[in-house]
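Trainee: I would like to learn how to read a model like this one. Where do we start?

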Amino acid sequence: MLFLDHIWIIPLLPAFGGAGMLFFGRKLQKATVNVVCVGMVGLAFIMACGSVLQYTAWAETHSHQPYQTILYTWLGGDTGHLIYPTHDGAQAPFQADAGLLLDPLSSIWLLFVTGVGMLIHIYSIGYMAHEGGYYRFFGYLNLFMFSMLTLILANNYVLLFVGWEGVGLCSYLLIGFYFHRKSASDAANKAFIVNRIGDSGFILGMFFIAWLCGSLRFVDVNAFAHLGTHSPETLKYITAATLLLFVGACGKSAQLPLYVWLPDAMEGPTPVSALIHAATMVTAGVYMVARSNALFVLAPTSMKTVAIVGALTAIFAASIGLVQNDIKRVLAYSTVSQLGYMFLALGVGAFAAGVFHVFTHAFFKALLFLGAGSVIHAMSGEQDMRNMGALEKRIPVTYWTMLIATLAISGIPPFAGFFSKDEILWQTWTSEGDAYRILWVIGYVTALMTAFYMFRLVYLTFYSKPRMSREVEHHIHESPKSMIVPLVILAVMSLFAGFLGWPRSLGGSDHFARFLDPVFARGEARTLIEEGKAGQLVAAEKEEEHTSPTEYLLMVLSVAAAGVGWYMAKRSYAHAHTGYSEPIKAASPATYKILLNKYYVDEGYDYLFTGRRKIDGVRLGAMGLGEASSWFDANVVDGAVNGAGWITRTTARLSSWWDKWIIDGIGVNGPAILARMLSYPARLFELGLVQWYALVMTVGLVGFVFYYVYH
Amino acid sequence: MYSHILSIVLFTPLAGAILLLFVPKENKDAIRWIANIFAFGGFLISLPLVPWFWNLRFEPGFKFVEGSANNWIPSIGAGYVLGIDGISFLLIMLTTLLGWISILSSWTAIENRVKEYYVWFLVLQTGMLGVFMALDFFLFFVFWEAMLVPMYLLIGIWGGPRKLYAAIKFFLYTLAGSVLMLLGILFLYFHHHGATGVYTFSIPELYKTAPQIYYDYGASAATLLFLSFFFAFAIKVPMFPFHTWLPDAHVEAPTAGSVILAGVLLKMGTYGFIRFSLPFFPDVLMHTRVRFWVMALSVIAILYGALVSLMQKDMKKLVAYSSVSHLGFCTLGIFALSPLGLSGSVLQQINHGVSTGALFLIVGILYERRHTREIAEYGGISSVMPVYATITMIMFLSSMGLPLLNGFVGEFSILQGTFMEKEIAGHPGWFWAAWAVPGVILAAAYLLWLYQRVFFGTVTNPKNEKLHDLTPREIATFAPLLIMAFWIGLYPKPFFQILEQPVNQLVQNIRPDYGKPAGTMNASVQPRTAAPARQDLAKTGGIPSLLRGKN
């Protein structure tokens with residue numbers, strides 16, 4: 001059990017790489033940076049493969065339990081004396097481990113995150129070769145791998161949150177990698193702050209769980225969820241907890257209404273878009289919801305919310321993607337839309353299907369982004385598809401690999417996307433209730449749109465007429481080997497990854513879902529029991545054995561949708577030359593304008609929530625509140641303080657006046673003045689001359705003498 | 001050594017100040033060296049406390065107690081008594097560390113009246129340490145007031161353009177609160193005499209009698225008494241709406257003054273709440289209306305401080321208002337009156353000292369180079385000063401509570417401690433936690449926006465093109481703070497263990513039923529009953545009739 005016992009090394013490897021780069025990177029040669037950073041991720045990949053292999057062997061003998069290892073107590077004193085009361089009045093210790101957990105769910109993420117991560121690291125060697133801040137880029141990338149692996153391997157919600165915020169930070173750093181550009185740092189801030197909004201929901205959701213279960217470990221939470229019956233009160237709190245967790249997922253996985261940061265995140269270097277904003281980080285929300293499946297199935301309201309938000313996001317983002325001209329933006333909206341599919345799957349209880357789509361999506365979407373990067377590289381940095389065209393022969397490897405990825409995402413068999421997307425649509429269709437049929441229609445229309453915008457991208461880029469300037473055309477070249485090899489490997493995966501989930505209806509055995517059974521099966525069984533259909537559990541499984549004709553019909557329909565999308569794109573763009581016309585614009589200019597401007601959501605948010613734009617000179621939102629508070633602080637609160645000071649000074653002045661003129665003036669000096677006035681006549685005699693005194697004395701004496709003599 | 005460690009730690013800075021008096025003032029470098037040696041020595045000398053305290057961390061009561069009650073001025077019952085528990089231990093370590101860092105950071109920043117500056121700084125250091133160590137109210141009040149003077153002078157002499165306004169405002173505002181507290185102390189003092197026949201300022205003794213005031217004089221009298229302490233501490237923290245002295249004092253104070261002001265002085269308010277308000281007035285605090293207002297003011301401080309911070313144009317003012325927001329979290333944790341909230345609060349006080357102390361150093365470094373703190377004057381600094389930019393980013397992240405750095409641990413504990421309460425002032429705990437959480441979002445907004453405007457983009461101002469990166473001395477001031485930030489973020493277990501005993505003790509005193517299973521609650525509640533002869537006591541006790549309650 002060499003690998004499994006040392007599983008904690010996996011996240012630490014890239015952590016060392018990242019820390020090393022940030023401390024000493026400036027002095028290192030590019031080759032050293034490559035060896036360290038790519039090497040660390042490569043080692044992590046090898047260890048991940050080893051661990052997963054050993055885990056599958058270990059699980060056979062341990063009734064498919066998750067493997068858990070606790071390194072140390074991270075939060076809390078580990079004495080059990082720092083307690084808080086839970087919902088039933090019991091005590092629970094405040095505690096969060098630095099502990100890791102490996103089960104089939106984390107195994108899948110572990111494999112594709114390290115695998116795709118390694119390929120993208122290799123690709124970056126070529127892509128970033130001429131960029132400044134090389135070590136910084138790889139340092140951040142390694143740091144991201146550390147955070148993502150922490151997120152995946154955490155054994156409790158708080159540690160998951162560590163990875164969750166960590167990937168958010170790395171995303172911020174990498175979106176803002178070209179920090180000289182204001183648009184890049186704006187996008188970075190937007191990503192971080194929007195994610196924080198989601199995170200605040202996540203934190204509160206976590207507290208609800210801790211309050212309900214008295215622990216934040218996944219095994220304890222699952223045990224709690226599977227425990228007998230829950231009172232309606234408890235179920236209400238579980239609904240609140242899961243909805244709040246889903247707010248977090250909406251932030252991280254770019255769902256309505258918090259998706260706005262992801263398209264802007266394309267300001268980052270393309271490998272970042274591929275790794276973080278397509279393959280790995282944005283699926284963290286899916287991971288978290290899947291991880292909490294035991295709680296979610298107890299909260300039908302939350303499940304419905306997840307499904308509806310997912311479906312709406314899917315079609316909303318796809319419709320924007322139809323008209324975008326920036327090659328990376330098309331892919332960004334496509335990612336948002338595909339994430340919507342994943343949440344749709346989770347919301348209808350098809351957890352395995354959702355995870356399967358995450359898995360296949362990781363390959364073909366990473367491939368699409370890396371392919372786009374290769375195109376941009378060839379086009380000397382041009383990202384606008386209006387200035388591309390006819391690159392098919394000039395960069396053939398990029399063309400072929402991107403074509404495979406496009407076929408995969410459009411859902412054309414036997415490419416990977418077909419299996420996962422079809423499974424999601426089928427599961428949506430079979431969910432009880434008419435509302436799910438509407439969701440299926442939404443999903444179906446989205447599939448058509450997906451095929452359209454993806455083939456639009458392919459036709460505008462690789463076919464049609466060349467529309468670039470002569471100079472750019474002159475420089476077109478196929479990318480270096482380090483970029484091509486990852487493309488080819490990902491293309492192979494996009495072709496074959498779907499076979500893991502070959503459905504039973506087509507004679508397969510759906511290995512993928514079977515592998516995940518230990519994580520989800522109990523949850524799915526519970527859903528049925530909750531709805532009072534325990535008896536149907538067996539029946540439902542039996543039904544799966546026989547496939548209904550409907551399933552084949554839906555399969556054909558979804559392939560047809562992809563075909564229609566492809567055909568429409570071909571008709572409109574196959575021969576596009578300079579100044580080609582957009583079919584949507586021709587049909588309805590107003591719709592085109594709304595879509596091109598992304599439904600004006602960013603503007604609306606700026607008016608209402610951030611306050612970066614004013615409405616008729618009035619600022620609303622956070623900045624509006626900030627301005628109002630600042631005014632209030634300076635004038636009212638501090639005004640009161642200064643007012644108190646003023647009152648003191650004024651009363652002091654008044655009393656000083658009173659003291660000077662009334663007390664001292666009238667009271668003390670008054671009698672003195674009076675005395676002086678009254679003494680004036682007497683003072684007239686006081687001349688200070690001795691002769692005068694002598695004269696007066698003499699006159700007085702003479703007077704007295706006369707008086708006595710004549711009396 | 002062991003038995004006098006607290007006195008030694010307390011008076012080391014003062015000894016340095018006295019020594020400095022004998023150094024000629026022209027000899028600036030000698031003065032700097034001596035001050036730094038004593039500041040660093042003060043930190044080193046406090047280090048043995050760590051292992052010694054660690055061994056005693058689960059023991060109840062105060063540790064390293066020195067002196068006995070009434071030994072100083074026996075006739076009035078004042079004593080020189082020092083002693084610490086887990087809460088004051090952490091704050092003392094923070095004080096000695098930040099004292100050293102701020103004195104080190106002043107080396108080039110202070111050029112005029114160097115001697116006076118360091119003398120006052122060292123005196124201030126002793127004053128602050130005394131506040132955290134004193135176990136006698138008389139002694140406490142002496143230190144509490146004594147530390148005002150040096151801070152007043154530091155702002156008033158070495159401050160910015162509006163230094164006199166700021167210094168006087170700081171002094172008078174704080175003094176106004178202190179006067180009310182003095183009245184409160186005297187009430188406790190005479191009440192103690194009335195109850196026991198002994199005049200004493202000893203804090204452990206007053207713990208025994210003060211809670212009875214609620215029953216001896218009625219709720220309204222006890223509430224007034226609570227308020228007299230509350231104003232003193234709320235001004236110091238500062239809580240909304242008593243906070244406006246803080247931005248002015250910070251903006252005008254020299255960098256080191258700001259570091260100490262934010263890092264340590266503000267903690268005296270929260271420390272006062274924990275050390276005095278909670279154990280003295282448990283029944284007042286559990287009163288719905290009082291609790292509602294203290295909680296509401298905390299939440300308002302969190303949101304309001306963050307919103308005002310968002311719109312500041314002066315970096316130091318921005319950081320000052322962010323302090324209001326962060327201290328709001330601290331008071332929220334205190335008034336949640338749960339062990340978790342309290343531990344989180346103390347931890348967050350340490351965190352705030354580390355992160356905001358660092359933020360003021362960061363602003364100070366740019367100020368020293370450019371002599372302006374206007375955000376608009378900067379831009380693109382990360383290309384010119386990359387090491388500085390990296391350290392700033394780490395400290396910003398720590399301040400906004402990113403996990404694996406210190407801020408998260410404190411905020412998370414506070415929020416969870418608040419959340420888990422079934423009922424606080426008529427609302428469930430989650431209600432209060434939910435109001436506080438947006439503060440975390442806003443923290444990211446104002447800090448990242450500040451970072452963007454100062455560090456990102458291209459250098460547009462030619463004056464910024466030639467700024468030199470951090471010197472080794474400046475890196476040395478940041479190093480301990482960075483280590484603390486990562487330590488608390490990665491391995492906070494020792495801190496929780498140190499805080500465990502005092503916070504559980506506090507909560508036990510206030511809420512004897514805390515943590516007991518719901519069923520046994522009624523049986524186990526032992527309400528603090530009225531003292532047997534409370535009517536007589538009020539009539540015959542040695543309390544001046546002016547202070548006497550209505551009954």
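Mentor: We go from the overall fold to helix packing, then to the contact between chains. One caution first: this is a predicted model.

Trainee: Then take the fold. What does the secondary structure of chain B come to?
Mentor: Chain B has 26 helices and two strands.

Trainee: What radius of gyration does chain B have, and what would a compact globule have?
Mentor: The idea is to compare the value with a rule based on chain length. For 551 residues, a compact globule would have a radius of gyration near 24 Å. Chain B has 23 Å, so the two agree. Along the principal axes, the C-alpha atoms of chain B fill a box of roughly 75 × 55 × 45 Å.

Trainee: What share of the residues of chain B count as buried?
Mentor: In chain B, 60% of the 551 residues do. Look at the contacts as well. Among contacts in chain B with a separation of 6 or more, 77% join residues 24 or more positions apart.

Trainee: Now a single helix. How many residues of α12(B) are buried?
Mentor: Count neighbours residue by residue, then look at the whole element. In helix α12 of chain B, residues 245–252, eight of the eight residues are buried. The helix is therefore largely enclosed by the rest of the structure. The buried set includes charged-type names such as B:Asp248 and B:Glu252. B:Trp245, B:Leu246 and B:His250 are also among the buried residues.

Trainee: What covers the buried residues of α12(B)?
Mentor: The cover includes four helices of chain B: α7 (148–158), α8 (163–196), α13 (255–280) and α16 (315–335).

Trainee: And for contrast, is A:Pro589 buried or exposed?
Mentor: A:Pro589 is exposed, because 11 other C-beta atoms lie within 10 Å, and the cut-off for exposed is 12 or fewer. This proline lies in helix α26 of chain A, residues 589–596. Its C-alpha atom is separated by 36 Å from that of A:Gly248, 341 residues away along the chain.

Trainee: Next, helix pairs. At what angle do α12(A) and α15(A) pack?
Mentor: Read the angle and the axis distance together. Helix α12 of chain A (284–291) packs on helix α15 of chain A (327–347) at about 5°, with the axes 10 Å apart. So α12(A) is roughly parallel to α15(A). The contact is made by A:Val286, A:Val289 and A:Ala290 on α12(A), and by A:Met342, A:Phe343 and A:Leu346 on α15(A). By class, that gives six nonpolar, no polar and no charged residues.

Trainee: How do the axes of α17(A) and α21(A) cross?
Mentor: The axes of α17(A), residues 396–410, and α21(A), residues 481–496, come within 9 Å and cross at roughly 30°. That makes α17(A) roughly parallel to α21(A). The crossing is left-handed. Among the contact residues are A:Thr401 and A:Ile404 of α17(A), and A:Leu487 and A:Ala491 of α21(A). This contact has nine nonpolar, three polar and no charged residues.

Trainee: Last, the interface. How many residues does each chain give to the contact?
Mentor: An interface is often sized by the accessible area lost when the parts come together. Here we count residues. Chain B gives 49 residues and chain A gives 48. On the side of chain B, the elements giving two or more residues include α15, α17 and α24. The most comes from α22(B), with nine residues.

Trainee: How does the side of chain B divide by class?
Mentor: The side of chain B that touches chain A has 33 nonpolar, 13 polar and three charged residues.

Methods: Residues are numbered from 1 along each chain as its sequence is written. Chains are lettered from A and ligands numbered from 1 in the order in which they are written. This is a predicted model: local features need pLDDT of at least 70, side-chain atom pairs count only at pLDDT 80 or more; totals for chains, interfaces and linings use all residues. A residue is buried if 20 or more other C-beta atoms lie within 10 Å of its own, exposed if 12 or fewer, and partly exposed in between; C-beta atoms are placed from the backbone. Two residues are in contact if their C-beta atoms, placed from the backbone, lie within 7 Å. The radius of gyration is taken over C-alpha atoms; the globule rule is 2.2 Å times the number of residues to the power 0.38. Axes are lines fitted to C-alpha atoms, for helices over the stretch in contact, and angles run from 0 to 180 degrees between N-to-C directions. Angles under 35 degrees count as roughly parallel, over 145 as roughly antiparallel, 65 to 115 as roughly perpendicular and the rest as oblique. A crossing is left-handed if the near helix is turned anticlockwise from the far one by less than a right angle, and right-handed if clockwise.
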